[in-house]
Amino acid sequence: MSSSTLPNLLAALAIPQDFSRFDKLADEQILTQLIRWKNGVSTSLTSLRELLATRHGIQSLPVDEQADIVASVAAFDGPGEWTADDASSLALSILDPLTEPHIPALVLTRILSHHLKPAFAANPHPRLNLQTGRKLPRPADTQDAYEGQVWKMRIGTGNVLGWCLRNIEPSMYESVWHLILPPVMTYLDDFEASYKLRGVRLVSDLLSRVPPELLKRTGVDGLLFTSLSGTFNHLRDPFTPDLIRAAVPTTLHLIDLITPPLPASLSPESGFPSQDSTMVKSGSSRANPATRYEHLSTLLGSCLIGTVFLYAYADPEAILAATDMLPLVLTHIGIGAARWLKALIPQLTHALLPPAVPSPTRPLDVDLRLKVSSLRALCTCIETCAPRMYLWKCNIIDAIGRAWANATDIEYEGASSLALEYKILLEMTCIKLAEACPSIIQEEYQQLIRFDSVLFNGLVGNSSSATSDK
């Protein structure tokens, strides 16, 4: 394998730097060259796979050659304008033998130290000790972390790093922590939303295997939480909806790792843990339920309600993304979400009402999707905060009744299944509300039927039988 064949194949897989500005390219000649190169990647990967088969597989090669192959091939295991349709499957067929059961320690260390670390050396993260991977007590006095950014010219670096994170053995994190964390945090804290989104996904890969104690001991748990919370400030960007949908589950995963939920038998009945709440043993550390509640409160109150809903109100896709994520957050925080009902109920019910002045730029399908998403979130809100629903039942019934009256006019082209789901969710919301406030069946629901039995019997007529079957 010391012949020139392998170097030539790896050179053919080197991704042209022009892909870093692919979306902004206007030169037809350069675009044609890039597309031609992209179409030839599959041939190069196939040739590499056949060559490795004649040399008894990638595992039989020296460590440095294994690392060189991974650094070149793993760049196609993930998203990117340079990745052809079948390139990802070909790349995995080459790399999979190296991950059974885990990537060898020497190969991983060489990839991180010789292929990834040099790309980020010019932009050290100001909050990390680069020798240990620990959080610094105060930001380092370094040059602008955004100056130069050589790593952005190393196309495919994020995919290579992601492949390492997904295949590293959990017990190895300790020894390579100082090599893994700086590039992950550099992506996560970048000023461009596209790179920040990649950083969120890298953090998700990291959290799937990292030992929670390592996060806590190095102080990186708080650093990750702060950076993930900051992703919600990137509004008015085409990547904003994707950022929200990626950041919420990743943040919840982090919270679950560093502050595991209490067992059901030990959960405080009030749902609002106090600072002197009982500390519960979790592995070798103690999980404070108050800390968990504070983190969840920041995610719901500051990130979603206080940032996205407040400042991105003119971006329907961002609002839709945040609304889609609400049920997941509400399920985690439980009855503790009651403190935000004054913001949540008006937000979710307002989306059900027809606008006073229809927007000529707002797509009709987005409007219906937002209505459906709001109803899903509203049902979850009613379930998790059932003891407080008696304070909001009239607001909810008023919005549901108006939405039901207008539902007959929903005839969006190509949205018949979504329109049907919308009507079903309107009925389900009434059933959920009746379960939380049983008196509503004989009072407010009867008022609706007396007002117009033909119109509202289909909305609330089934609520009584549904709740009596519980």
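A nonpolar core is a set of buried Ala, Val, Leu, Ile, Met, Phe, Trp, Tyr and Cys residues joined through side-chain atoms within 4.5 Å. The views below come from a predicted model.

**Figure 1. The largest nonpolar core has 153 residues.** Seven members touch the most other members: Leu48, Ile69, Phe76, Leu206, Leu215, Ile244 and Leu300. Three of these names return in later views: Ile69, Leu206 and Ile244. In soluble globular proteins, nonpolar side chains tend to be buried together.

**Figure 2. The whole protein is built from 20 helices and two strands.** The protein has 470 residues, and 50% of them count as buried. Consider the contacts with a separation of 6 or more. Residues 24 or more positions apart account for 74% of these.

**Figure 3. Helix α3 is mostly covered.** This helix takes in residues 63-73. Eight of its 11 residues are buried. They are Glu65, Gln66, Ala67, Ile69, Val70, Ala71, Ser72 and Val73. Ile69 is also one of the core members that touch the most others. Which helices cover the buried residues of α3? The cover includes α1 (5-12), α2 (28-54), α4 (87-95), α5 (105-120) and α6 (157-167).

**Figure 4. Pro7 of helix α1 is paired in this view with Asp68.** The two residues are 61 apart in sequence. In space, their C-alpha atoms are 9.2 Å apart. Pro7 counts as partly exposed, because its relative accessibility is 45%.

**Figure 5. Ala53 and His56 are both exposed.** Ala53 belongs to helix α2. Its relative accessible area is 61%, so Ala53 counts as exposed. Ile94 is 41 residues away from Ala53 in sequence. From C-alpha to C-alpha, Ala53 and Ile94 are 9.5 Å apart. His56 sits in the loop between α2 and α3. The phi of His56 is near 65 degrees, a positive value in a residue other than glycine. Is His56 buried or exposed? His56 is exposed, because its relative accessible area is 71% and the cut-off is over 50%.

**Figure 6. Ile180 is a buried residue of helix α7.** The helix runs over residues 173-188. Why does Ile180 count as buried? Its relative accessible area is 2%, and buried means under 20%. Leaving out residues up to four places away in sequence, Ile180 touches Leu112, Leu165, Ile168, Tyr173 and Leu206. Leu206 is another of the core members that touch the most others. Leu116 lies 64 residues from Ile180 along the chain. The C-alpha atoms of Ile180 and Leu116 are separated by 9.0 Å.

**Figure 7. Arg236 lies in the loop between α10 (220-230) and α11.** Arg236 has a positive phi of about 55 degrees, although it is not a glycine. Arg236 counts as exposed because its relative accessible area is 66%.

**Figure 8. Helix α11 is mostly covered.** The helix spans residues 240-258 and has 19 residues. From its first C-alpha to its last, α11 reaches 26 Å. That is close to the 27 Å expected at 1.5 Å a residue. Of the 19 residues, 14 are buried. Ile244 falls among the core members that touch the most others. Which residues is Ile244 in contact with, leaving aside its neighbours within four places in sequence? They are Phe232, Pro249, Leu304, Val308, Ala318, Ala321, Ala322 and Met325.

**Figure 9. Helices α18 and α19 cross at roughly 145 degrees.** Helix α18 covers residues 444-451, and helix α19 covers residues 453-460. Their axes come within 6 Å. The crossing is left-handed. Which residues make the contact? From α18 come Tyr445, Leu448, Ile449 and Phe451. From α19 come Ser453, Phe456, Asn457 and Val460. These residues divide into six nonpolar, two polar and no charged.

Conventions:
Residues numbered from 1 in each chain as written. Predicted model: local features only at pLDDT ≥ 70, side-chain atom pairs only at ≥ 80, totals over all residues. Heavy atoms only, no water. Axes fitted to C-alpha atoms, helices over the stretch in contact; angles between N-to-C directions. Helix = DSSP H or I, 4+ residues; strand = E, 2+ residues; numbered from the N terminus. Left-handed = near helix turned anticlockwise from the far one by under 90°. Contact = heavy atoms within 4.5 Å. Nonpolar A, V, L, I, M, F, W, Y, C, P; charged D, E, K, R; others polar. Buried < 20%, exposed > 50% of the residue type's maximum accessible area, 1.4 Å probe, protein only. Expected span 1.5 Å × (residues − 1).
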